[in-house]
Amino acid sequence: MTAVLATRRAAFAEQLRAALEPLAAPTLWAHAARTAIAALLALWLAFVFQLDTPYSAMTTVLIVSSPVQGMILAKSVYRLGGTLLGGVAGVTLMALFAQAPALFLLAFAFWLALATAASTLLRGFRSYGAVLAGYTVALVALPAVDRPASIFTLAMARVAVVSLGVVSSALVGALLTGHGATRGLDKLLRAMLAELFAHGRLALQPGQGAALRPQRRALGLRMATLESSIQFAAAEDPQNGARLAAQRDAAAAFFGALTAAPALSEALDAAGAPDGLLAEALGEAQSSLDAGLAALESGAEDLAGVAGRLARLRARLEGVFEAGGASLSPQIIVAVDRLADLVGELERAAGGLSRDAPSEPVRRQATHLDWPWAGRNAARAAVAVLLGGALWIGLGWSVFGATMMAGVAPTTALLSLRERPSADAMDFVWGVGAATVLGLFYLLWVLPQITGFPLLALWLAPPLMVAAALMANPRLMFLGTGFGVFFITLLGPANPMVFDPANFLNAAVATMSGVALTSLVYRTVLPVDARGLRRHLLAEIRRDLADLLQRRKIHLAFEWETRMHDRMRLLIARLRAASIDSDSSLRSGFAALRLGRDVLRLRALLAADPIADGIARAALSSLGRADRSAALARTGAALREHAAGLDAAQAAPILRAAAILPVLDAVVAGRRRFFREVLQ
């Protein structure tokens with residue numbers, strides 16, 4: 001027993017050390033100081049303009065705070081937009097159901113469910129804007145339940161304080177932060193491209209499959225942060241905004257290259273010692289990648305030259321097939337095909353990161369729309385509102401019922417985007433508890449001694465800095481949010497200040513009750529499990545792959561592939577957040593992406609010949625059978641026989657497709673258990 005307790009204490013100490021270690025960074029406290037300055041500026045301006053609930057301007061600053069100026073701007077835009085939409089919804093619902101509280105709660109439950117579902121389907125700060133549009137109704141309309149005529153004034157006051165907080169945060173960030181997102185994105189992209197080039201260079205050698213896997217895993221884990229960094233830089237600098245689509249296309253090419261690299265290494269293993277055409281192409285590819293690495297290491301400003309060199313190599317490799325390639329063995333055909341694929345993805349990656357805006361429009365990428373998960377989140381949000389409303393009406397809790405609901409609605413909506421909402425909800429509870437204790441101390445002993453704003457700012461700055469530092473740490477974000485936001489909200493600094501300990505304690509109990517109810521809902525109503533989220537996403541990947549193989553839908557190659565990339569980003573983020581071993585799941589995801597890419601390539605190669613396409617279609621239907629290898633071999637022989645009666649130009653894509661077929665067998669065999677449900 002003693003040994004078990006010692007082990008648990010050691011594990012807890014290690015987790016605590018890992019969580020608190022980032023708080024020692026000087027840059028974090030510089031960010032915390034900037035946030036405190038912006039929050040105090042917002043409070044002072046709210047006092048000057050004599051706004052209602054001036055402390056809400058401070059909470060806005062805390063919520064949009066970030067060490068990166070681009071993130072502040074992006075989040076602020078969607079916070080303001082969500083507040084406006086939520087204000088309009090609050091006024092509308094109150095106008096329709098002012099005399100019917102039960103109907104109002106039903107309508108509010110429906111609105112929050114709709115907003116929560118939208119936040120699940122959207123990405124980035126669009127998702128946050130949808131959440132805010134949902135719970136702003138609680139902040140605007142619920143305080144007006146007993147005085148419906150004041151709803152418009154409350155809505156305008158809410159918009160005013162949020163706008164003031166947004167402007168204060170953006171102003172202080174612009175003066176004291178600079179273009180951190182732009183510099184950070186450029187540094188991140190160039191570092192990742194260098195790793196990708198080194199990854200591709202390793203794939204040019206046979207027998208490197210085992211060495212490529214840990215590199216792919218490390219790069220894949222870093223891909224989860226790339227989309228957010230691109231969005232922040234676009235919000236910070238208009239020039240980056242013009243290149244947003246090209247940078248996203250480059251990010252998609254990263255996934256493509258990570259899929260193509262092991263495929264090339266396996267093809268080289270099958271081809272044997274390279275000579276002649278293949279050896280020359282591999283040498284030129286290595287030279288191009290060496291030049292790219294040298295340009296990245298030297299800090300060369302433009303990567304367009306590197307992209308151009310890769311484009312010329314890819315064109316020459318494609319020219320091998322266009323010239324016929326009938327004299328090449330199937331193994332060499334596959335190796336050249338895989339090399340052309342890898343070079344093409346590296347070309348897209350380098351070209352998308354060049355400093356010039358793209359000369360041609362970049363295709364819009366598809367995203368994963370998780371309708372079942374959106375429905376679950378919507379149902380849970382509605383249940384939370386209805387339970388809270390039932391307690392409010394049943395207990396006759398007057399105005400403090402509205403305070404409780406103001407805790408239920410935001411936390412329920414925000415936690416729907418998290419991988420471990422139950423744990424985050426408990427962090428929120430602890431944060432609100434700490435805010436209550438410190439706020440009561442300030443209310444009873446600190447604020448009564450303060451006679452001017454400078455002294456008030458001096459006392460408010462330390463807890464604001466602590467909250468901002470905690471919120472910047474992903475592990476402690478909800479602890480910091482609960483502490484910072486509710487310390488300010490419960491204390492309610494105003495001009496003139498009202499000292500009412502009984503009201504403070506009632507509001508604290510109501511807030512804690514709302515957050516505790518949210519935690520209970522997440523534990524009992526359609527509970528969220530991080531491993532379940534991973535299994536659900538892998539099932540979605542399998543389902544989309546099955547649709548592709550069985551031609552249930554018309555799939556555009558770029559659309560299908562970028563949707564899979566989005567799923568991979570979500571999978572990586574969920575694995576990281578839940579601290580789940582990612583190797584097996586990532587290998588399965590990349591295997592599905594690789595199989596789908598090969599199927600799409602086969603269809604593109606055979607699209608001009610209906611007979612050949614029909615032959616290959618039968619092969620794809622055999623992937624789930626026990627005699628898969630023999631069936632694919634027969635299909636390849638049939639395709640080569642068909643190509644023998646055609647001229648060289650017509651036969652080239654058919655021979656290329658025939659050579660690719662055995663690769664499908666190897667991909668399926670490598671992840672047989674994962675593909676079993678797809679191929680049944």
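A helix here is a DSSP run of H or I with at least four residues, numbered from the N terminus, and its expected span is 1.5 Å times one less than its number of residues. This is a predicted model, in which local features need pLDDT of at least 70, side-chain atom pairs count only at pLDDT 80 or more, and totals for chains use all residues. Residues are numbered from 1 along the chain as its sequence is written, and side-chain values use heavy atoms, with hydrogens and water left out.

**Exercise 1.** Find out how the reach of helix H15 fits its expected span, and whether H15 is enclosed or not.

*Solution.*
- Step one: H15 covers residues 330–352, which makes 23 residues.
- Step two: from first C-alpha to last it reaches 33 Å, close to the expected 33 Å.
- Step three: 19 of those 23 residues are buried, so H15 is largely enclosed by the rest of the structure. Buried means under 20% relative accessible area, with a 1.4 Å probe and protein chains only.
- Step four: for the chain, 54% of the 680 residues count as buried.

**Exercise 2.** Describe how helices H9 and H24 pack.

*Solution.*
- Step one: locate H9 at residues 209–223 and H24 at residues 583–606.
- Step two: their axes, lines fitted to C-alpha atoms over the stretch in contact, lie 11 Å apart at about 95 degrees.
- Step three: H9 and H24 are therefore roughly perpendicular, a label for angles of 65 to 115 degrees.
- Step four: Arg213, Arg216 and Arg217 of H9 make the contact with Asp583, Leu586, Arg587 and Phe590 of H24; contact means heavy atoms within 4.5 Å.

Terms used: Buried means under 20% relative accessible area, exposed over 50%, partly exposed in between (1.4 Å probe, protein chains only). Helices (H or I, at least four residues) and strands (E, at least two) are DSSP runs, numbered from the N terminus. Axes are lines fitted to C-alpha atoms, for helices over the stretch in contact, and angles run from 0 to 180 degrees between N-to-C directions. Angles under 35 degrees count as roughly parallel, over 145 as roughly antiparallel, 65 to 115 as roughly perpendicular and the rest as oblique.
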